[in-house]
Amino acid sequence: MRWNVLMVAGSLACALTLGCSDSAAPTGTPFIDGGVAPLCNDDTPCSEGFICVMGACAPDPSVDGGTDLDRRLQVCTPTTCSDPLTLNFDGARVGSVSEQSVTLRSVGARTVTIQNVSLLDGVAEFTVDPFGNVATPLAMGEDAILRVRHTAVDGTADRDRLQIRSDALRSVILIDVRTEYRGVPALFVGESVAQNDAEVEILDFGSVRAGVPERRTLFLKNRDLVIDGSVLEVAEVRTEPPVSINFQVTTDEDLPAFLNQYRALCSSDDNCDLGPDDACDTAVGACRTPAGSLRDAVTVELEFVGTTPGLVEESLQVVSTSGGEGFTTRTIVLKADVSPTPIDVDPDPIDFPETYLGFPDQREVIIRNQSTTAVVVEAVVLAQSSTFTLSLQGAVLPATLAPGDTLAAVVTYAPTLAATDETVLEVESNDPIEPTARVRVTGRALVPPVLVVEPGVINFGDAHVRVDGQPAARRSVTIRNGGGSELRVSSILPVGTSPAGTFVAVPTSLPPIPPGDAFATTIDIEYRPTAPTFPEFEEETFEIISNDPTQQPTRLLSVTGRATDPSSNVGPSTVNANQTSSNLNAPSSSSRRR
């Protein structure tokens, strides 16, 4: 066991060394074991019988040789030195390890011995270092640091009690240690892992020839809007009936699976920072783990093999903790039409899941003769052509297709109103058994998202070079969706000429953002210079990649800053003690995260 024991001299250390918050200091420093120590300095001495220790009055050990009452222990978490003491790790992503520190300080006139440190409830997710019988003395003014760690395993809120025993007047001190998830897990089932607003309720395999396998892929994820707000447990994925002769289902990982709030969108590997060695699958716009699975998503593969002509309908059952009130079951209808037609149309169905008004979309359609004899294609038509149009790209009908030959066409979707549209593509042939092959055509028309970035320009001004790994300065940028459908920001990265790591965005991609100011998201742009540049300014440009069709491919954010040598300007000539914090364990404002 190794303690980190240190002496801090004077209350000025809080302002200059530990960088406490800017809140005003209280009128006295509270002792955990009772009473309030008046603040003191050279201009405000302590009353008779007390001495000034670290800016607070403590009993003078030279008076009557001191008593047991002079053994006083102050305990500080990152947020307070007063009861009730709590360490709150908030929400934690499954697999992540987070750490918080507890400071023990001898604030009396006699040495305090820390006897034992333990976690009373034995929750496996929490550990503390050092642990057990420690027998560590703290002389007047000395500090010791406890490091409490939490490892997220299953997304369940964890709670334990950290007990500190000593020979101080208050010999036992308890700290409530907990995790707290502020969101609600929400299951998403869709054919695109990048989207949050295109859920699948019916999975249509289209027309399928008997005995020919047809495959579809679905993605399961947690679309909670609160960053790290919840963990979704997916307990079971199966068909109904459980034993199906038509549909087979497999998942890419063992169940149960615990899914963090999804925010693994990407445009490049640089966006994939949620796990070591994650890489961006640009085909789907999402990060994959080194094992090949999508980060924070379950991939479900479904295969249909029909044996008897006609319509087949079953269902997929997904059991999860969606809603946060125990296990619930989501039902997705599975449909397929087993057809003897020699005509195969790919894709089937023809789907436009996300088309923005003013931005028409197209699908290439391949018509293939999958029989062993020649087939004459006599006509290819759309049942309605107000929003969908068809082009045969110069092909002349009727056309004879030998076995395996194809005919190409293009379907265009150009909606004028936000709505769901549907029609049927019909391929007429000389097949005596089924002369008309029908393929469903669907489209979803949306008002496009609008990427709003505020401010659009950042000037850090003068900032000290990076010290102890901390950024020299930080500015917040608000990203909101001023449009009418889901905004997806897949990358926020510097693309200019400044040295790597000088300007950094945190995070580098975002979860999908619904329309409206209520869902605005804040990111940090950090300035991390490693050497002075004064009097020259450094410039950088951040490229913001999103699905806003009016800002394709990117939106740019301009950033400037100038680095100075901290040794040339050590701080103000005077320090106002009322601007320092009474909590010496509190992190500096420059390192405090949202």
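**Stop 1: the disulfides**

Select Cys-76 and Cys-81 to begin: the two form a disulfide, with their sulfur atoms 1.9 Å apart. The term disulfide here stands for a pair of cysteine sulfur atoms within 2.5 Å. Look along the S-S bond of Cys-76 and Cys-81: the torsion is about 110°, so this disulfide is right-handed. Cys-76 and Cys-81 are both buried; buried means under 20% relative accessible area, exposed means over 50%, and partly exposed is in between, with a 1.4 Å probe and protein chains only.

Before you move on, keep in mind that this is a predicted model, in which local features need pLDDT of at least 70 and side-chain atom pairs count only at pLDDT 80 or more, while totals for chains, interfaces and linings use all residues. Residues are numbered from 1 along each chain as its sequence is written, and side-chain values use heavy atoms, with hydrogens and water left out.

How many disulfides does the structure hold? There are three. Next, pick Cys-266 and Cys-280, a disulfide with sulfur atoms 2.1 Å apart. The torsion about the S-S bond of Cys-266 and Cys-280 is about 85°, so this disulfide is right-handed. Cys-266 sits in the loop between strand 20 (257-260) and strand 21 (279-281), and Cys-280 is in strand 21, so the pair ties together parts that are 14 residues apart in sequence. Strands, like helices, are DSSP runs numbered from the N terminus: at least two residues of E for a strand, at least four of H or I for a helix. Cys-266 and Cys-280 are both buried.

Now add Cys-272 and Cys-287, whose sulfur atoms are 2.1 Å apart in a disulfide. The link of Cys-272 and Cys-287 is left-handed, with -90° about the S-S bond. Cys-272 belongs to the loop between strand 20 and strand 21 and Cys-287 to strand 22 (residues 286-288), so this pair ties together parts that are 15 residues apart in sequence. Cys-272 and Cys-287 are both buried.

**Stop 2: the cavity**

Select Arg-263, Asn-271, Asp-273, Leu-274, Pro-507, Thr-508 and Ser-509, which line the largest cavity. A cavity is a set of points on a 1 Å grid over the protein atoms alone where a 1.4 Å probe fits but cannot get out, and lining residues have an atom within 4 Å of a point. The structure holds one cavity of 30 Å³ or more, and about 40 Å³ of space lies in the largest cavity. Here, volume is the space filled by probe spheres set on the points, which are joined across faces, edges and corners.

**Stop 3: a loop residue**

Jump to Val-396, in the loop between strand 30 (388-391) and strand 31 (399-401). Is Val-396 buried or exposed? At 64% relative accessibility, Val-396 counts as exposed. Add Ala-379 to the selection: C-alpha to C-alpha, Val-396 and Ala-379 are 9.5 Å apart in space and 17 residues apart in sequence.

**Stop 4: the antiparallel sheet**

Show the open sheet of four strands with the order 35-37-40-39 and antiparallel pairing. Strand 35 (451-454) and strand 39 are at the edges with a single partner strand each, so one side of each is left without a neighbour in the sheet. Two strands pair if DSSP finds at least two bridges between them.

Walk across the sheet strand by strand:

- Strand 35 and strand 37 run antiparallel and are joined by four bridges; Leu-451 stands opposite Asn-481 in strand 37.
- Strand 37 (residues 473-481) pairs with strand 40 in the antiparallel sense over seven bridges, and Ala-473 stands opposite Tyr-527 in strand 40.
- Strand 39 (residues 503-506) and strand 40 run antiparallel, with four bridges joining them; Val-504 stands opposite Glu-526 in strand 40.

Pause on strand 40 (residues 521-527), where six of the seven residues are buried.

**Stop 5: the mixed sheet**

Finish at the open sheet of four strands with the order 36-42-41-38 and mixed pairing. At its edges stand strand 36 (457-464) and strand 38 (489-494), each with a single partner strand, so one side of each is left without a neighbour in the sheet. Then select strand 41 (residues 538-546) and strand 42 (residues 554-564), which pair in the antiparallel sense over eight bridges. Which residue in strand 42 is the bridge partner of Ile-545? Look for Thr-554.

Note on methods
1 Å grid on protein atoms, 1.4 Å probe; cavity = no way out; pocket = protein on both sides within 12 Å on 5 of 7 lines; lining within 4 Å.
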